[in-house]
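Thanks for coming. I have one model to go through this morning, so please look at the screen.

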Amino acid sequence: MPEPLFDAAPLIPIDERVHLVAQTYPTQTELPDKIDAAVLKVAGVVVLGAIMSILDITVVNVALPTFVQAFSTDPTHPIEYSTVAWTITAYTLALATVIPLTGWAADRFGTKRLYILALLLFTAGSALCGQANSIGMLIAFRVLQGLGGGMLMPLGMTIMTKAAGPHRMGRLMAILGIPMLLGPIFGPILGGWLIDHYSWHWIFRINIPIGIVAMLYAAWALKKDRPEPSESFDVIGMLLMSPGLALFLYGISSIPSEGTFFAKKVAIPVTIGVVMLAAFVVYSFKPKHPLLDLRLFANRNLTVAILTMFLFAASFFGALFLVPTYFQLVRGELPVDSGWLVAPQGLGAMVTMPIAGALADRFPIGRIAPFGLLVIIGGMFALTQVTADTSYWGYLIPVLFIMGLGMGATMMPIMTSALKTLRAHEVARGSTLLNITQQVASSIGVAVISVVYTNYLNAKPLAGAAIAARHDPAILEKIGGQAGMSQGLSEAAHAFAQTFLIGAILVSLTIIPALFLPRKHEVSHLLEAEAEAPPVMLH
C-alpha cells in the first residue's frame, strides 16, 4: 500500500471460509433485484471504512519532506530519507501481514465484531500517530494503523456480499468504487492542505472523528453474525513471513547510513530475513491450510500474472512515491500544491481502468496489458529528464496523466488474468496471494528506491544543503547565496532523474513476464463458483 504515489487499492479477497459466507446467503428470490435501503445502509459502513483505509495509503506521500524537517535534530545533517520512507513501508507491510489473518479471524469472532475492532485499531493507531514525537514512534504507530486498515477492505467486501447477494454485486461495486478511485486523487491534496493550514499531525487526527462515527454506525447498521470457527491458523507461517520480510527490508534501508552492504546493521538483518523467508517457502508446502498457498503457483497463468504484478508494483509504485517529494524539495511547492500536481495521474487511471476492465472480458489479457506497460515505460523514461525548472503544463502534468492511463490499463487485466483460470475453491486463496504480492512488492519498491535516491542525494552535498537552505538562511549564506542555491537544486533534480532512471529500467523488465500472459481466450472456471459460492470481488 504501500505506499506509493498512486497505490491502487488492494485486491479484496473474500472471506477465505467461502462456504460459511454461502451459508449466510438469502436465496436470490428472497432479495429484491434493485439496490434497496437495507443494502445502502450497510454500504455506508463499508464506504466509511474504505475512505479511511484508502486515503491513508496516499495521504502520507506528500508529508515525507515534512517528516524529514520535523524529526531532524540538526538541519545540516537531516534524517535519512530512506528512514522516513518507513512510514509508508511499515504501513504496507502491516497490511500484507493481516490480510491472510482476516478470513480466519472473521470465522472465529464474527464479521461485525471484527470489523468494529478493525475500525478501533485504525482509529487508535491514527490518534497515536498524531501524537508521535520521533520518527521511530511514528513508524511503530503506523504498523498498528496498518493492522486495522488491512482488515477493513476484506471484511467490508465480505459484509457487502452477504447483504447484497451475488446478483447485485456489480451494481454495488459501482457505488463502492467511488472512494476506491477518488481516494488516490484526493488523498495527497487533503494531506497537503492539512499540513499547510494546520500541521502534519492532522493528516492522522482527521481519522479520529471519522473512525468514531464509523464504529457507532457499524454497531447500529450491521447485523450480528454467529462465529463458526473452522480451520486452524498458520501461526508458524506468520512468524516466519512477516518478521523475515521486515528484517530484510530494514537491512536494505540501512545501506545509506552505513555506506556499505557489509556493515553489521545491514548484513545481519538481511541474512536473517532471507533465511526466514526461505524457511517460510519450504514450510508452506506442509500444512493443509498454509498462510499463503504456494501450491497455486502450479497454475501457469497465475504464476506469470503474479510475477508481472510483483515487478510492476515494486518498480512503478516504488519510483512514483518520489514525485510529490520532487515538487516540494526541488520546486519549493507547498504540500497541498504538490497534491494537486500529482492528481493528473489518478485522473488518467480513472479514464482507462473501467475500459480495461471491459476489454479484459472480450480479449485475451496478453493482448492488453503489454500496451499499458509500454505507456508506463515511456512515461517513466520521460521522468528521467526532469530538471530544476521543467515545465509543469508543457511536460510534467501530461507525463503523469499518460502514466495514469497506462496504470489503469495494466492493473485490472493483470488481476483478471491471475484469477480467471482458478477453480472455484481456489479463488479466495488466489486473490489473497495476489493481494499480498502487491502489498509486499510496493513495500520492497519504496524501501529500495528510497535507498537509491538517498545514495544519489548523499553523493551531492550541495544538493542536500540547498534543500536545507529553504528553511535556514544561515545555510544559504554558507553555500554562496542564490548562485549556490541554484546549483544545489540542479544537482538535487539530477538525483531524482537518476532515481527515475532506475525505476524506468525496472519497469521495463516487467515486459518480459507480461509477454507470457495468455494471448488466446481460455475457459474461465469462475463461472463454476456461482452455484456453490459467492464471487470474489476485486477492485
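I will start with a helix residue. Alanine 313 is found in helix α14, residues 300–320. Helices here are DSSP runs of H or I with at least four residues, strands are runs of E with at least two, and both are numbered from the N terminus. Alanine 313 counts as buried because its relative accessibility is 0%. The cut-offs are under 20% relative accessible area for buried, over 50% for exposed, and partly exposed in between, with a 1.4 Å probe and protein chains only. The C-alpha atom of alanine 313 is separated by 7.3 Å from that of glycine 445, and the two residues are 132 apart along the chain.

A word on where this comes from. This is a predicted model, in which local features need pLDDT of at least 70 and side-chain atom pairs count only at pLDDT 80 or more, while totals for chains, interfaces and linings use all residues. Residues are numbered from 1 along each chain as its sequence is written, and side-chain values use heavy atoms, with hydrogens and water left out.

Now the overall picture. The protein has 23 helices and 0 strands. Of its 539 residues, 60% are buried. Its accessible surface comes to about 20700 Å², and carbon and sulfur atoms account for 68% of that. Areas are from the Shrake-Rupley method with a 1.4 Å probe, and for residues only the protein chains shown count as cover.

Two further contacts across the sequence. Glycine 430 sits in helix α19 and is buried, at 0% relative accessibility. From glycine 430 to isoleucine 306 is 9.8 Å, C-alpha to C-alpha, with their positions 124 residues apart in sequence. Isoleucine 195 lies in helix α8, residues 169–197, and is buried at 11%. Its partner is threonine 66, 129 residues apart in sequence and 8.3 Å apart in space, C-alpha to C-alpha.

Next, the second largest pocket, with about 950 Å³ of space. A pocket is an open set of points on a 1 Å grid over the protein atoms alone, where a 1.4 Å probe fits, with protein on both sides within 12 Å along at least five of seven lines; lining residues have an atom within 4 Å of a point. Of the 34 lining residues, the closest to the centre are Val68, Pro78, Gly464, Ile467 and Ala468. Which element gives the largest share of the lining? That is α20, with 5 residues. By type, the lining divides into 16 nonpolar, 11 polar and 7 charged residues. Nonpolar means Ala, Val, Leu, Ile, Met, Phe, Trp, Tyr, Cys and Pro, charged means Asp, Glu, Lys and Arg, and the others, Gly among them, are polar.

On the surface, Leu347, Val351, Ile355, Val375, Phe401 and Ile402 make a nonpolar patch of about 460 Å². Patch residues have over 30% relative accessible area and no salt bridge; nonpolar side chains (Val, Leu, Ile, Met, Phe, Trp, Tyr) are joined within 5 Å, like charges within 9 Å. Helix α16 gives the most, 3 residues. Valine 351 lies in α16 and is partly exposed, at 42%.

Last, the structure holds 1 salt bridge, meaning a side-chain nitrogen of Lys or Arg within 4 Å of a carboxyl oxygen of Asp or Glu. Arginine 295 and aspartate 293 form the salt bridge, at 3.5 Å, N to O. Arginine 295 is partly exposed at 34%, whereas aspartate 293 is buried at 7%.

Note on methods:
Grid points are joined across faces, edges and corners, and a volume is the space filled by probe spheres set on the points.
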